Structure formats: structure tokens, C-alpha cells
Amino acid sequence: MGLGGCIILIAVGAILTFATDWDMQGVNLDLVGIIFMIVGLIGVATFSSIAKRKRVVVPPTAPVLDEDPHRRGGY
């Protein structure tokens with residue numbers, strides 16, 4: 001699940017918690033929304049820590065120069 005999936009989980013959880021007033025017997029939608037938001041936040045934190053770890057600074061290398069740049073392939 002990438003960053004977009006985590007943000008969608010947070011949005012769906014917020015909608016279920018704050019914007020709906022549905023009553024389902026046996027299911028507390030407020031609690032389900034809070035759980036979605038928590039899982040989304042954990043996913044964002046995990047994704048950002050993994051993304052930081054993947055960034056590796058590579059020192060610049062010297063460019064490779066041809067000995068004769070005007071020479072063309074052939075005989």
C-alpha cells in the first residue's frame with residue numbers, strides 16, 4: 001500500500017467518523033472510522049521512514065571523455 005492508499009484510508013475513516021450518522025446494528029461506524037484513520041497514519045509513518053532510508057547520496061563521478069570526439073565509426 002503506497003502513500004495514496006494511506007491517504008485514502010485516512011479520508012474514508014474521517015468520513016465514517018465525522019460525516020455520517022448511519023446506524024448499523026452490531027457495527028460502530030465511528031470506531032471503524034477511527035481504526036481506518038489510525039491504520040492510515042501508521043502507513044504514512046512507515047512509508048515516509050522507508051522512503052527516507054531509500055535515498056542514497058551518490059557522489060558525482062568524473063565524466064568519461066572520448067579520445068577523439070570527431071572520429072566517426074567506420075573503417
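Is isoleucine 38 buried, exposed or partly exposed? Isoleucine 38 is partly exposed, with 46% relative accessible area. The tour below returns to this residue after a view of the whole chain. The model on display is a predicted one.

**The whole protein**

Please begin with the entire chain selected. The protein contains two helices and zero strands. Of its 75 residues, 13% are buried. The accessible surface amounts to about 6800 Å², and carbon and sulfur atoms account for 65% of that surface. Consider next the contacts between residues at least 6 apart in sequence: 53% of these join residues at least 24 apart.

**Glycine 2 and phenylalanine 47**

Select glycine 2, which belongs to the segment before α1. Its relative accessibility is 34%, so glycine 2 counts as partly exposed. Now add serine 48 to the selection. The two residues are 46 residues apart along the chain, and their C-alpha atoms are separated by 10.0 Å.

Proceed to phenylalanine 47, a residue of helix α2. What is its state of exposure? Phenylalanine 47 is partly exposed, because its relative accessible area of 34% lies between the limits of 20% and 50%. Which residues does phenylalanine 47 touch, not counting residues up to four places away in sequence? They are Gly2 and Leu3. Selecting leucine 3 together with phenylalanine 47 shows C-alpha atoms separated by 6.6 Å, although the two residues stand 44 residues apart along the chain.

**Isoleucine 38 and isoleucine 10**

Return now to isoleucine 38, located in helix α2. Add isoleucine 10 to the selection. The C-alpha atoms of this pair are separated by 7.5 Å, while 28 residues separate isoleucine 38 and isoleucine 10 along the chain.

**Threonine 17**

Select threonine 17 in helix α1. Is threonine 17 buried or exposed? Its relative accessibility is 14%, and therefore threonine 17 counts as buried; the limit for a buried residue is under 20%.

Two polar atom pairs can be inspected here. In one, a polar atom of the threonine 17 side chain lies 3.4 Å from the backbone oxygen of aspartate 30. In the other, the side chain of threonine 17 reaches the backbone nitrogen of isoleucine 34 at 3.3 Å. To see the surroundings of this side chain, extend the selection to the residues that threonine 17 contacts, leaving aside its neighbours within four places in sequence: Asp30, Gly33, Ile34 and Met37.

**The nonpolar patch**

For the last stop, display the surface and select Ile8, Val12, Leu31, Ile35, Phe36 and Val39. These residues form a nonpolar patch on the surface, and together they have about 480 Å² of accessible area. Which elements give two or more residues to the nonpolar patch? They are α1, covering residues 3-19, and α2, covering residues 29-54. The largest share, four residues, comes from α2.

Finish with isoleucine 8 alone, a member of the patch that is found in helix α1. Is isoleucine 8 buried or exposed? Isoleucine 8 counts as exposed, because its relative accessibility is 55% and the limit for an exposed residue is over 50%.

Technical notes:
Residues numbered from 1 in each chain as written. Predicted model: local features only at pLDDT ≥ 70, side-chain atom pairs only at ≥ 80, totals over all residues. Heavy atoms only, no water. Patch = residues over 30% accessible without salt bridge, like charges linked within 9 Å, V, L, I, M, F, W, Y side chains within 5 Å. Areas by Shrake-Rupley, 256 points an atom, 1.4 Å probe, with all protein chains shown as cover. Salt bridge = Lys/Arg side-chain N within 4 Å of Asp/Glu carboxyl O. Buried < 20%, exposed > 50% of the residue type's maximum accessible area, 1.4 Å probe, protein only. Polar contact = N/O pair within 3.5 Å; in protein donor to acceptor, adjacent residues only side chain to side chain. Contact = heavy atoms within 4.5 Å.
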